[in-house]
Amino acid sequence: MSFTGPFTPDIQAKIQSIISDDPLSWDIACRTSLRGTSMVQHNPALVELVEFDNEANEKLLPRTGKALVPGCGKGYDVVYFARTLGLDATGVEISETAREAAKKYISSQPPILTGSATVIVTDFFSHSGTYDLVYDYTFFVALPLARRAEWGSQMQKLVKRGGVLVTLMYPFIAPDKVEQGYMGPPWPVTLDAYAEVLGTEWERVWTPSRMTRRPQSDSRESRGS
């Protein structure tokens with residue numbers, strides 16, 4: 001499950017009222033078709049990283065191996081990593097409703113010549129395996145605040161040594177909007193929030209900041225080998 005804006009205080013409150021520590025709350029949110037619970041295109045910051053920022057992507061992005069996309073929604077980015085980087089990409093969803101939507105999207109796409117795309121239903125926090133690339137876009141920010149440290153611990157296990165964690169922070173909210181109650185989908189996030197729970201074994205290697213149609217900032221963390 002992923003969230004997109006706009007996030008007015010009333011929408012934020014509605015999301016917060018549904019999402020809880022119970023994994024089934026995600027399925028409820030998906031089935032109620034909350035405004036902003038699906039992304040219909042790849043984020044411009046991700047496209048810039050993968051397709052246009054040659055120095056960053058040539059040195060840091062893997063061209064073989066496995067990718068993981070927690071909270072993948074309809075699977076757009078799962079297909080994207082498989083098609084553009086040739087990775088065996090797996091999307092994780094807690095919602096069976098979301099997985100069925102993702103399967104429908106994946107089956108509608110042209111064949112992937114290198115790599116593969118699949119979506120599974122499982123709890124991210126109990127998922128096992130190691131990956132060359134993990135992509136978090138609005139998954140971290142949608143977790144209850146009490147589970148953020150657990151997110152950091154799980155990333156330590158999932159991202160292999162020398163692998164890459166791409167954390168695309170959204171929404172990047174201007175201070176005046178924060179004062180008006182715009183705080184996240186559904187909770188607030190800052191760049192430092194990721195570093196605080198990841199610990200000291202990570203190196204921040206690429207952190208652009210830009211203003212596009214939706215303000216956003218993309219930060220990357222790489223595990224040392």
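In the predicted model, Arg 147 is placed over the face of Phe 125, at 4.1 Å from the ring centre. A second charged side chain is arranged in this way: Lys 66 lies over the face of Tyr 131, and here the distance to the ring centre is 4.8 Å. Aromatic rings also pair with one another, and a search of the whole structure gives 9 aromatic pairs. Through such ring pairs, Tyr 80, Phe 81, Tyr 135 and Tyr 137 are linked into a cluster.

The secondary structure of the chain consists of 9 helices and 8 strands. Of its 225 residues, 51% count as buried. Among contacts with a separation of 6 or more, 73% are made by residues 24 or more positions apart.

Two members of the aromatic cluster, Tyr 80 and Phe 81, are among the buried residues of helix 5. This helix, which spans residues 76-85, is mostly covered, with 8 of its 10 residues buried. The buried residues are Tyr 76, Asp 77, Val 78, Val 79, Tyr 80, Phe 81, Ala 82 and Leu 85. They pack against three strands at the start of the numbering, strand 1, strand 2 and strand 3, as well as against strand 4, helix 3 and helix 6. Just after helix 5, Gly 86 adopts a positive phi of about 75°.

The largest nonpolar core contains 31 residues, and those with the most contacts inside it are Leu 46, Val 50, Phe 81, Leu 85, Leu 133 and Tyr 135. Several elements give two or more residues to this core: helix 3 (44-52), helix 5 and helix 6, together with strand 1 (66-70), strand 3 (116-121), strand 4 and strand 5. Helix 5 provides the largest share, 7 residues. The surroundings of Phe 81 illustrate the packing. When residues up to four places away in sequence are not counted, Phe 81 touches Leu 46, Val 50, Val 69, Gly 86, Leu 87, Ala 89, Leu 133 and Tyr 135. A second, separate core has 21 residues, including Leu 68, Trp 151, Val 189 and Ala 193.

One of the residues touched by Phe 81 is Ala 89, which belongs to strand 2 and stands opposite Ala 67. Strand 1 and strand 2 run parallel and are joined by 5 bridges. Strand 2 (residues 88-93) is mostly covered, as 5 of its 6 residues are buried. In a regular strand, side chains alternate between the two faces of the sheet.

Charged side chains form a further set of interactions. Side chains of opposite charge can pair when their charged atoms come close. The count for this model comes to 5 salt bridges. One of them joins Glu 96 to Arg 99, with the closest N and O atoms 3.0 Å apart. Both residues lie in helix 6 (residues 96-108), at a spacing of 3 residues, about one turn of the helix. An α-helix has 3.6 residues a turn, so residues three or four places apart point the same way. Glu 96 is partly exposed, with a relative accessible area of 34%, and Arg 99 is also partly exposed, at 23%.

Another salt bridge in this helix is formed by Glu 100 and Lys 103, whose closest N and O atoms are 3.7 Å apart. Because Glu 100 and Lys 103 are 3 residues apart in helix 6, about one helical turn separates them. Glu 100 has a relative accessible area of 39% and is partly exposed; Lys 103 is partly exposed as well, at 43%.

A salt bridge between two strands is made by the side chains of Asp 132 and Lys 160, at 3.4 Å from N to O. Asp 132 lies in strand 4 (residues 131-137) and Lys 160 in strand 5 (residues 159-169), so this pair ties together parts that are 28 residues apart in sequence. The two partners differ in their accessibility: Asp 132 is buried, with a relative accessible area of 16%, whereas Lys 160 is partly exposed, at 32%.

Note on methods
Residues are numbered from 1 along each chain as its sequence is written. This is a predicted model: local features need pLDDT of at least 70, side-chain atom pairs count only at pLDDT 80 or more; totals for chains, interfaces and linings use all residues. Side-chain values use heavy atoms; hydrogens and water are left out. Rings of Phe, Tyr and Trp (its six-membered ring) pair if their centres lie within 6.5 Å; planes under 30 degrees apart count as stacked, over 60 as edge-to-face and the rest as tilted. A charge sits over a ring if NZ of Lys or CZ of Arg is within 6 Å of the ring centre and within 35 degrees of the ring normal. A salt bridge is a side-chain nitrogen of Lys or Arg within 4 Å of a carboxyl oxygen of Asp or Glu. Helices (H or I, at least four residues) and strands (E, at least two) are DSSP runs, numbered from the N terminus. Buried means under 20% relative accessible area, exposed over 50%, partly exposed in between (1.4 Å probe, protein chains only). A nonpolar core is a set of buried Ala, Val, Leu, Ile, Met, Phe, Trp, Tyr and Cys residues joined through side-chain atoms within 4.5 Å. Contact means heavy atoms within 4.5 Å. Two strands pair if DSSP finds at least two bridges between them.
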